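Trainee: I should like to understand the terms used for a protein structure. May I ask about them one at a time?
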Amino acid sequence: MTTEESGGLAQTAAVKLSEMGERTKQLGTAIQDPERQRRIILVIVCVALLLDNMLYMVIVPIVPDYLARLESESEQARVTGNSSTNSTQNENFDVQIGVLFASKAILQLIVNPLTGTFIDRVGYDIPLFIGLSIMFVSTCIFAFADNYATLFVARSLQGLGSAFADTSGIAMIADKFTEEAERSRALGIALAFISFGSLAAPPFGGVLYEFVGKRVPFFVLASICLADGILCMTVLKPFSSRTRENMPVGTPIYKLMIDPYIAVVAGALTTCNIPLAFLEPTIANWMEETMDSSQWEIGLTWLPAFFPHVLGVYITVKLAAQYPHLQWFYGALGMVIIGASSCIVPACKNFEQLIIPLCGICFGIALVDTALLPTLAFLVDVRHVSVYGSVYAIADISYCVAYALGPIVAGKIVHDLGFVQLNLGMGLANVLYAPALLLLRNVGNWKNYLWIFIFLD
């Protein structure tokens, strides 16, 4: 009887193992399907971009308060100086916070020209995995950091990881989605994840920090990063086989930088992101001084802007599918909306009024980004070689210029000139730059000419 039971259990186990093997085989076959693989790749990239932007913004409500507590604890250990000394210490503390916030974008700005060239040479999957690995390490360091130096290292490491993950991820989307409408839609989805990560991270980090401590937000992000890295290894198999030898050699990044059309797009990406980059470190103090805003209002300042950003992405993708030759116009319109909204911000008297221009800024940024990011890939397709690492490294550099200057320069401008002058200057810069996109008005027709040249050849 015991022998019969053992035989039955063995047979049942064999059947279950066989079923499991069959399901694994079916899953492997499904993953190898080109269409499903493209969707999985889009998910991997979008999660990586979400994580990067959440980690970028999640420290906003956490780190200043955490460092202030550490500073107060060290102050209690020594005699308090006079008021002028305290004032100087507060000013130094603000500078330290600004440098810490900017260090990510500064390192990313320095490294991006190298990572763009590296991506063009080895492909997109290995740099994406490297970026996710560095971001995981950076997030873990953030969780356990207990002094300014360690936080600075973690923030700088995040910039290094972003230079690999962001650039290779966006370039991979451009490479996998070659049809213009599909490419615009896929990049639009990626931008929606970027927006959600940036705008949802402060309340996410603030709530968890308040109720369960500093480490938990970073543990959550590190867990998601680890899962995304495992999915990347499973689907993309970055180290299994290399087909780089059969891929074309990309145009050097310095040649792309001097292309006037790419330069105009890069300038637009920098200019349109300056209001967001400069308002993030300054708007909280302004709200406290002029509106007597509560902490929850300051924490939720940017969250409502997520919805118009997604709306802007959706509208631009739909319009680009119907009228692809007007991408330059959508970008120019977005810059005008950003400029007008920036000028309105100082006139707001309460939290409810402030939401309107901030939503306008994010809606305009969505128009510009969604219209011009696919344009960069198109420009490379028709004017250079269809390898996208370097051109999206240039796009990343454009963003980093704004976000590297913001935490350091914005506070100085507000102190010397005033919050009103800062916003008027940013608004004017966007409105004046918008006509430069007229240079791109004939870009949409180049594809027709390209097909004629191919046919004549």
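Mentor: The exchange below takes up several terms and sets each against its definition.

Trainee: What kind of model is this, and how are its residues numbered?

Mentor: It is a predicted model, in which local features need pLDDT of at least 70, side-chain atom pairs count only at pLDDT 80 or more, and totals for chains, interfaces and linings use all residues. Residues are numbered from 1 along each chain as its sequence is written, and side-chain values use heavy atoms, with hydrogens and water left out.

Trainee: What does pLDDT say about the protein?

Mentor: The term denotes the predictor's confidence in each residue, from 0 to 100. The protein averages 83, and 83% of the residues score at least 70. Over residues 450-457, however, the value is below 50, and this stretch has 1 contact in the model beyond near neighbours in sequence (contact means heavy atoms within 4.5 Å). Where pLDDT is low, the predicted coordinates should not be read in detail.

Trainee: What makes up the secondary structure?

Mentor: There are 18 helices and 0 strands. Both are DSSP runs numbered from the N terminus: helices are H or I with at least four residues, strands E with at least two.

Trainee: Why is Ala-305 called buried?

Mentor: Buried means under 20% relative accessible area, exposed over 50%, and partly exposed in between (1.4 Å probe, protein chains only). Ala-305 has 1% relative accessibility and therefore counts as buried. It lies in the loop between helix 12 (295-299) and helix 13 (306-322). Leaving aside residues up to four places away in sequence, Ala-305 touches Leu-199, Leu-358, Cys-359 and Cys-362. Across the protein, 49% of the 457 residues are buried.

Trainee: Why is Val-99 called partly exposed?

Mentor: Its relative accessible area is 32%, so Val-99 is partly exposed. Val-99 lies in helix 4 and belongs to a nonpolar surface patch with Val-95, Ile-106, Ile-110, Phe-152 and Ile-408.

Trainee: What makes a group of residues a patch?

Mentor: Patch residues have over 30% relative accessible area and no salt bridge; like charges are joined within 9 Å, and nonpolar side chains (Val, Leu, Ile, Met, Phe, Trp, Tyr) within 5 Å. The accessible area of this patch is about 470 Å² together, by the Shrake-Rupley method with a 1.4 Å probe, where for residues only the protein chains shown count as cover. Helix 4 (residues 83-122) gives the largest share, 4 residues.

Trainee: Why is the pair Lys-104 and Asp-52 called a salt bridge?

Mentor: A salt bridge is a side-chain nitrogen of Lys or Arg within 4 Å of a carboxyl oxygen of Asp or Glu. For Lys-104 and Asp-52 the N to O distance is 3.7 Å, so the pair qualifies. Lys-104 in helix 4 and Asp-52 in helix 2 (residues 34-58) are 52 residues apart, and the pair links distant parts of the chain. Both residues are buried. The structure holds 6 salt bridges.

Trainee: Is Asp-259 buried or exposed, and which residue does it meet in a salt bridge?

Mentor: Asp-259 has 4% relative accessibility and so counts as buried. Its side chain meets that of Arg-383 at 2.8 Å, N to O. The two are 124 residues apart, with Asp-259 in the loop between helix 9 (253-257) and helix 10 (260-279) and Arg-383 in helix 15 (residues 351-383). Arg-383, at a relative accessible area of 36%, is therefore partly exposed.
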